[in-house]
Amino acid sequence: MNKTTGIATLFIVVMAVFPFIVDSAWLSIGITFLVFAVVAFSQDIILGRAGIFNMGHAIFFGMGAYTTAILNVHFGLEIIATIPFAIIIPAIFSILLAGPIIHLRGDYLLVATIGFNIIFEQVLSNDVFGLTGGPNGIFGIDVVRIFGYELFSDTAIYYLAFGLLVLTLLIIRNLDTSAYGRALYYIHKDEIAAKSMGINVSYYKLFAFALGAAIAGAAGSVFAIQYSAVSPESFNFMQSVMFFAIVLVGGSASLPGIIIGTFVMFVLPELFTEFKESRYLIFGAAMVLTMILRPNGVWPAKFGNIPKFLKKKVTKEEGAK
């Protein structure tokens with residue numbers, strides 16, 4: 001078992017027993033942490049693994065939340081029935097939005113995604129087609145029902161969010177060990193070299209966008225269930241900035257880094273409500289210090305450009321000579 005797997009296992013065990021050792025207030029904070037951790041990990045697929053400067057990730061998070069809210073409140077679908085749509089719709093929109101701009105790089109892509117996020121927030125606030133509820137959002141989202149049982153308690157919602165986080169970690173683990181994961185890694189390291197190797201860069205970038213958007217949409221659905229309401233300010237541009245910053249400050253493609261970043265950004269403000277408005281100042285200062293002192297993140301992931309088995313082979317050949 002390597003270090004990352006050990007940390008992931010310990011983290012899952014602690015979060016699994018968390019509801020049994022805390023009160024209701026801490027349980028609510030735990031749900032918030034799990035939901036935003038899932039969104040941060042989904043952003044890490046796009047930014048940390050594919051190296052795509054996406055500053056509009058709150059769009060997909062919001063699409064998932066609003067899909068569940070609209071289908072449940074306006075069309076009467078059960079919450080469970082809305083979740084597949086909350087996953088598929090953001091994935092489809094991510095391809096439609098990213099398709100025309102996927103060839104852009106660096107600052108140009110960053111600006112384009114910022115523009116999309118601002119447009120998305122305005123669409124929600126202006127109550128397009130009378131479905132989004134305008135600035136007030138949508139209230140009265142129903143409880144989750146499975147086989148006739150109502151899962152309305154915080155504990156039930158917690159384990160729904162926990163299950164989503166475990167599934168997300170499994171997806172990321174399988175991605176990292178797959179051909180798709182290796183392709184994204186090569187693209188992140190050197191896009192030109194990846195093209196010379198025959199990797200379809202646009203295809204894999206769109207894949208990263210779609211996968212990240214789908215996971216973020218699922219988290220948005222759980223977010224809507226947790227609060228029984230959604231509103232535009234929960235998915236504004238500053239939320240996208242926070243998800244972007246978590247990956248950079250915590251460490252790209254780093255499980256411990258993402259967890260630390262999510263805790264600092266979304267849990268600490270809940271614990272110290274008097275400093276809630278200062279979180280942007282605190283995190284901004286943390287970003288500056290991190291970029292100066294630890295440019296690869298607080299807990300950077302360690303990747304080898306040369307696989308270990310090749311290194312061993314080279315060492316043996318040199319010894320034989």
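This is a short talk through one protein chain, from its overall make-up down to a few single residues.

Hi everyone, and thanks for coming. Before we start, please keep in mind that what you see above is a predicted model.

Let's begin with the whole chain. What does its secondary structure come to? The count is 13 helices and 4 strands. The chain has 321 residues, and buried residues make up 45% of them. Its accessible surface is about 16200 Å², and carbon and sulfur atoms account for 67% of that surface. Now think about contacts between residues at least 6 apart in sequence: 77% of these join residues at least 24 apart.

Now to the helices, starting with α1. This helix covers residues 3-21, which is 19 residues. From its first C-alpha to its last it reaches 26 Å, close to the 27 Å expected at 1.5 Å a residue. Where does α1 bend? Look at M15, where the bend is about 25°. A proline, P19, follows within four residues of that bend. Both M15 and P19 are among the buried residues of α1, and the others are A8, F11 and F18. Please remember F18, as we will meet that residue again.

Compare that with helix α9, residues 201-227. Its 27 residues should span 39 Å at 1.5 Å a residue, and the end C-alpha atoms are indeed 39 Å apart. Is α9 largely enclosed or largely open? Since 22 of its 27 residues are buried, α9 is largely enclosed by the rest of the structure.

Step just past the end of α9 and you reach S228, which takes a positive phi of about 55°. S228 does this although it is not a glycine. You will find S228 in the loop between α9 and β4. Its relative accessible area is 29%, so S228 counts as partly exposed.

There is another residue to put beside S228, and that is D127. D127 is not a glycine either, and its phi is positive, near 55°. The loop that holds D127 runs between α5 (107-125) and β1 (138-139). With a relative accessible area of 30%, D127 is partly exposed.

Next, the aromatic rings. How many aromatic pairs does the structure hold? There are 21. Let me walk you through two of them.

In one pair, the ring centres of Y66 and F235 are 6.0 Å apart and the planes stand at 70°, so the pair is edge-to-face; the cut-off for that label is an angle over 60 degrees. This pair links distant parts of the chain: Y66 is in helix α3 (residues 58-73), while F235 is in the loop between β4 (229-230) and α10 (237-250). In sequence, the two are 169 residues apart. Y66 and F235 are both buried.

In the other pair, Y159 and F162 have ring centres 6.2 Å apart and planes at 90°, so this pair is edge-to-face too. Here both partners lie in helix α6 (residues 154-176), 3 residues apart, or about one turn of the helix. A general point helps here: an α-helix has 3.6 residues a turn, so residues three or four places apart point the same way. Are the two partners buried or exposed? Y159 is partly exposed at 28% relative accessibility, whereas F162 is buried at 13%. The cut-off for buried is under 20% relative accessible area, so F162 falls below it.

Back to Y66 and F235 for a moment. Which cluster do they belong to? They are part of one aromatic cluster that also takes in F36, F61, F223, Y227 and F243.

Last, two buried residues that sit in helices. G30 is in helix α2 (residues 24-49), and its relative accessible area of 4% makes it buried. Leaving aside neighbours within four places in sequence, G30 is in contact with F18 and Y158. That is the F18 from α1. G30 and F263 are 233 residues apart in sequence, yet their C-alpha atoms are 9.9 Å apart in space.

Our other residue is T113, in helix α5. T113 is buried as well, with a relative accessible area of 4%. Which residues does T113 touch, not counting those up to four places away in sequence? They are F53, N54, M55, G56 and I101.

That's the tour, and thanks for listening!

Definitions and conventions: Residues numbered from 1 in each chain as written. Predicted model: local features only at pLDDT ≥ 70, side-chain atom pairs only at ≥ 80, totals over all residues. Heavy atoms only, no water. Expected span 1.5 Å × (residues − 1). Bend = angle between axes of the 7 residues up to and from the residue. Buried < 20%, exposed > 50% of the residue type's maximum accessible area, 1.4 Å probe, protein only. Phe/Tyr/Trp six-rings, centres within 6.5 Å; stacked < 30°, edge-to-face > 60°. Contact = heavy atoms within 4.5 Å. Areas by Shrake-Rupley, 256 points an atom, 1.4 Å probe, with all protein chains shown as cover.
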